[in-house]
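The following exercises concern one protein model. Please work through each task with the sequence and the structure in view before reading its solution.

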Amino acid sequence: MCCYRIPVTGSDDEESLAETFWAVARRLRHQSRRTLEPWEINPGHARALAVLMRHGALRLSALAEHLRIAPRSATEVVDDLEERGLVARQPDPADRRATLVGLTGEGTRISAAIRAARAAEAERFFGDLSDSDRADLARILRTLRD
């Protein structure tokens, strides 16, 4: 296994590429949690709202696939969001035995507000990068993700 090292400005030590990546990921995760505080939403719930905003009403199994979590975990997320009035279950018109989960009006409103807050957060976080650096970073991250 190869360990890429990058110099750390102002330090005699070197930090591995993986260590740098995880440090940035931690910083993003903490910043994301702070951004979600006004809505008392955790990142998992925010992801579920974003998926429903993007795709519309879904079966629980499809939501679980989009979130890459177990169906049982998706049920717990939906239960929590439903209790808060952000999503609602409804019969699937294509199969009356199945249930769809969709955003309520309040869920749509909060989802849009979270999206705007996260866009502003990303602009602050990545604001020091040039357009070219942002494009390169996005390309590299997509390559690693896929």
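A residue is called buried under 20% relative accessible area, exposed over 50%, and partly exposed in between (1.4 Å probe, protein chains only). The model is predicted: local features need pLDDT of at least 70, side-chain atom pairs count only at pLDDT 80 or more, and totals for chains, interfaces and linings use all residues. Residues are numbered from 1 along each chain as its sequence is written, and side-chain values use heavy atoms, with hydrogens and water left out.

**Exercise 1. Examine the length of helix 1 and determine which of its residues are buried and which are exposed.**

Solution.
Step 1. Helices (H or I, at least four residues) and strands (E, at least two) are DSSP runs, numbered from the N terminus. The expected span of a helix is 1.5 Å times one less than its number of residues. Helix 1 has 20 residues (residues 17-36) and should therefore span 28 Å; its end C-alpha atoms lie 29 Å apart, which agrees.
Step 2. Buried in helix 1 are Ala25, Gln31, Ser32, Thr35 and Leu36. Viewed down the helix axis, these buried residues fall within an arc of 135°, so they line one face of the helix. The arc is taken from the directions that run from the helix axis to the C-beta atoms.
Step 3. On the other side of helix 1, Trp22, Arg27 and Arg34 are exposed.
Step 4. Contact means heavy atoms within 4.5 Å. The cover over the buried residues of helix 1 includes helix 2 (43-55) and helix 5 (105-126).

**Exercise 2. Identify which elements the salt bridges of Asp92 and Arg134 tie together, and contrast them with a pair inside helix 5.**

Solution.
Step 1. A salt bridge is a side-chain nitrogen of Lys or Arg within 4 Å of a carboxyl oxygen of Asp or Glu. Side chains of opposite charge can pair when their charged atoms come close. The whole structure holds 9 salt bridges.
Step 2. Between Asp92 and Arg59, the closest N and O atoms of the salt bridge are 2.9 Å apart. Since Asp92 belongs to strand 4 (residues 87-92) and Arg59 to strand 3 (residues 58-59), the pair ties together parts that are 33 residues apart in sequence. Asp92 is buried at 8% relative accessible area, whereas Arg59 is partly exposed at 34%. Arg59, Asp92, Asp95 and Arg97 are linked in a network of salt bridges.
Step 3. Arg134 forms a salt bridge with Glu123, with 3.0 Å between the closest N and O atoms. Arg134 is in helix 6 (residues 131-145) and Glu123 in helix 5, so this pair ties together parts that are 11 residues apart in sequence. Both partners are partly exposed, Arg134 at 27% and Glu123 at 45%.
Step 4. Within helix 5, Arg109 and Glu106 lie 3 residues apart, about one turn of the helix. The closest N and O atoms of their salt bridge are 2.7 Å apart. Arg109 is partly exposed at 47%, and Glu106 is partly exposed at 35%.

**Exercise 3. Describe the largest nonpolar core and state which helix gives the most to it.**

Solution.
Step 1. A nonpolar core is a set of buried Ala, Val, Leu, Ile, Met, Phe, Trp, Tyr and Cys residues joined through side-chain atoms within 4.5 Å. In soluble globular proteins, nonpolar side chains tend to be buried together.
Step 2. The largest such core has 20 residues, and those with the most contacts inside it are Ile41, Leu49, Leu63, Leu81, Val87 and Ile114. At least two residues of this core come from each of helix 2, helix 3 (60-67), helix 4 (71-83) and helix 5. Helix 2 gives the most, with 5 residues.
Step 3. Not counting residues up to four places away in sequence, Ile114 touches Leu36, Trp39, Ile41 and Leu49.

**Exercise 4. Establish the strand order of the open sheet and name its edge strands.**

Solution.
Step 1. Two strands pair if DSSP finds at least two bridges between them. The open sheet of 3 strands has the order 3-5-4, with antiparallel pairing.
Step 2. Strand 3 and strand 4 are the edge strands, each pairing on one side only.
Step 3. Strand 3 is joined to strand 5 (residues 95-103) by 2 bridges, and the two run antiparallel. Leu58 stands opposite Val101 in strand 5.
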